[in-house]
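Here are my notes on the model you sent over, jotted down point by point. Have the structure open while you read, since I jump around the chain a bit.

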Amino acid sequence: PNVDVAHVSLPSVYREYAFFGNLTWHLTDKFDVTGGVRYARNDQRYEQKATGLLVGPAPQAKSGAGVVTYLANARYRFSRNVTAYARFATGYRAGGPNFVARDPVTGELLAPLSFKSDALDSYELGLKAETADRSFGIDAAVFAIDWKDIQLPTAAGGVSVLTNAGSARIKGAELTLTARPGGGTTITGAFAYNDGYVTEDTPAVGARKGERLPNVPHFTAAINADHVEASSPLRPSVGASLRYVLDRTSSFDLNGGFPQYEMPDYVAVDLRAGLSAGPVDVQFFVRNLFDVRGQLSAETSLSILGGPAQVSILQPRTIGISASTRF
């Protein structure tokens with residue numbers, strides 16, 4: 001016989017309006033500071049229409065919140081080609097009504113009816129510079145982020161819900177290098193280091209103090225090389241890209257609802273070649289040249305029932321042609 005485990009429809013409405021403004025003060029012709037403030041208000045409605053062994057219906061729920069965020073920037077121009085900056089900003093992600101999960105025997109709630117907004121404080125120092133002839137450029141930054149009341153998924157009664165899970169700190173650096181050696185050739189390299197970890201034990205999602213955040217690689221890199229023969233009427237071009245992503249984890253080690261799963265690192269290569277005929281640009285491309293099965297993300301809620309991890313895979317080798325025009 002057929003068993004109705006869960007059949008769910010979740011009609012919802014989300015509305016938000018915001019007011020914001022920035023003010024810049026040029027203290028000298030080389031140094032300026034900027035301050036900004038933003039107020040946002042969101043209102044939500046949510047209804048759970050459900051049948052089955054795991055879930056049931058719930059009446060319409062409402063939630064709403066008003067949030068103030070702000071920023072402060074300072075920028076100094078050493079010359080036309082060299083600028084340093086410091087930036088502080090706050091941010092948030094709206095909360096909302098949660099999936100209603102109850103104990104099938106007692107009827108007690110297994111998770112809060114709603115989850116709160118999470119918020120962060122971001123600190124960044126950076127430098128942007130290029131040579132006078134633009135043959136070489138550098139864009140470098142270091143940053144730190146304090147993240148509070150993190151919204152993370154967990155399992156309750158066999159279904160996924162969101163919960164606010166403590167706090168985390170993220171430290172990192174980004175570097176982009178650009179070289180234009182001449183003759184229509186451009187080479188860029190973008191590198192990022194990210195060290196994100198929780199700063200307190202959070203039993204609700206099985207996180208221990210110091211454990212790395214899910215789905216965040218410690219290191220990524222992307223290198224692109226392109227050449228355009230501008231002297232030819234058809235402007236033929238060729239290019240290649242290499243992308244590297246370090247290993248990641250999908251959950252926390254002690255999360256019983258979403259068992260831990262490790263996604264290995266991967267390298268992918270893309271090739272491209274193009275022509276221009278008047279206003280029409282045509283490009284031939286090969287994406288993921290070596291047909292790498294890079295794992296992008298994983299969802300493991302079925303694993304507690306003996307099922308497999310549900311893994312999103314990098315698009316397989318794709319060969320194609322595209323055309324675009326300007327008018």
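**Notes on the predicted model**

1. Let's begin with the strands. S3 (residues 31–51) and S4 (residues 58–79) run antiparallel, with 17 bridges joining them. If you want a landmark in that pairing, look for Asn42, which stands opposite Ala65 in S4. Bear in mind throughout that this is a predicted model.

2. S4 also has S5 as a partner: the two run antiparallel and are joined by 8 bridges. The connection between S4 and S5 is a hairpin through 2 residues. One bridge to check is that of Arg77, whose partner in S5 is Thr83.

3. Arg77 comes up again in the charge pairing. Together with Asp32 and Arg75, Arg77 is linked in a network of salt bridges. Across the structure there are 16 salt bridges.

4. On to the rings. A search of the whole structure gives 6 aromatic pairs. Tyr76 and Phe78 make an edge-to-face pair, because their planes stand at 75°, with the ring centres 4.9 Å apart; the cut-off for that label is over 60 degrees. Tyr76 is partly exposed at 32% relative accessible area, and Phe78 is partly exposed too, at 49%. That value for Phe78 is worth reading against the limit for exposed, which is over 50%. Phe31 joins Tyr76 and Phe78 in one aromatic cluster.

5. Another aromatic pair is Phe88 with Tyr123, which is tilted, with 5.0 Å from centre to centre and 45° between the planes. What does this pair tie together? Phe88 lies in S5 (residues 82–93) and Tyr123 in S8 (residues 118–130), so the contact connects parts that are 35 residues apart in sequence. Tyr123 is partly exposed, with a relative accessible area of 39%.

6. There is also a charge over a ring to look at. The charged end of Arg287 sits over the ring of Phe285, 4.0 Å from its centre.

7. Now the nonpolar interior. The largest nonpolar core has 13 residues, and those touching the most other members are Trp147, Ile150, Leu152, Ile170, Val205, Leu213 and Phe252. Two elements give two or more residues to this core, namely strand S9 (136–148) and strand S12 (167–182). Which of the elements supplies the largest share? That is S9, with 3 residues. As background, nonpolar side chains tend to be buried together in soluble globular proteins.

8. Leu152 is a good residue to centre your view on. Setting aside neighbours within four places in sequence, Leu152 is in contact with Val161, Leu162, Thr163, Ala165, Val205 and Phe252. Val161 belongs to a second, separate core of 6 residues, which also includes Tyr46, Ala111 and Ala156.

9. Back to the salt bridges, with a long-range one. Lys116 pairs with Asp149, and their closest N and O atoms are 3.7 Å apart; the cut-off is within 4 Å. Lys116 lies in the loop between S7 (114–115) and S8, while Asp149 is in the loop between S9 and S10 (151–156), so the bridge ties together parts 33 residues apart in sequence. Asp149 is partly exposed, at 30% relative accessible area.

10. Asp281 and Arg326 form another salt bridge, with the closest N and O atoms 2.7 Å apart. This pair links distant parts of the chain: Asp281 is in S19 (residues 280–287) and Arg326 in the segment after S22 (318–325), 45 residues apart. With a relative accessibility of 24%, Asp281 counts as partly exposed. For a further example, see Arg293 and Asp291, whose side chains meet at 2.7 Å, N to O. Asp291 is partly exposed as well, with a relative accessible area of 26%.

11. Last stop: Leu296, in strand S20 (residues 295–299). Is Leu296 buried, exposed or partly exposed? Leu296 is partly exposed, because its relative accessible area is 38%, and buried would require under 20%. Not counting residues up to four places away in sequence, Leu296 touches Arg248, Met263, Tyr266, Ser312, Ile313 and Leu314. Gln315 is 19 residues from Leu296 along the chain, and their C-alpha atoms are separated by 9.8 Å.

Notes:
Residues numbered from 1 in each chain as written. Predicted model: local features only at pLDDT ≥ 70, side-chain atom pairs only at ≥ 80, totals over all residues. Heavy atoms only, no water. Phe/Tyr/Trp six-rings, centres within 6.5 Å; stacked < 30°, edge-to-face > 60°. Buried < 20%, exposed > 50% of the residue type's maximum accessible area, 1.4 Å probe, protein only. Helix = DSSP H or I, 4+ residues; strand = E, 2+ residues; numbered from the N terminus. Lys NZ or Arg CZ within 6 Å of the ring centre and 35° of its normal. Pairing = 2+ DSSP bridges. Core = buried A, V, L, I, M, F, W, Y, C linked by side-chain atoms within 4.5 Å. Contact = heavy atoms within 4.5 Å.
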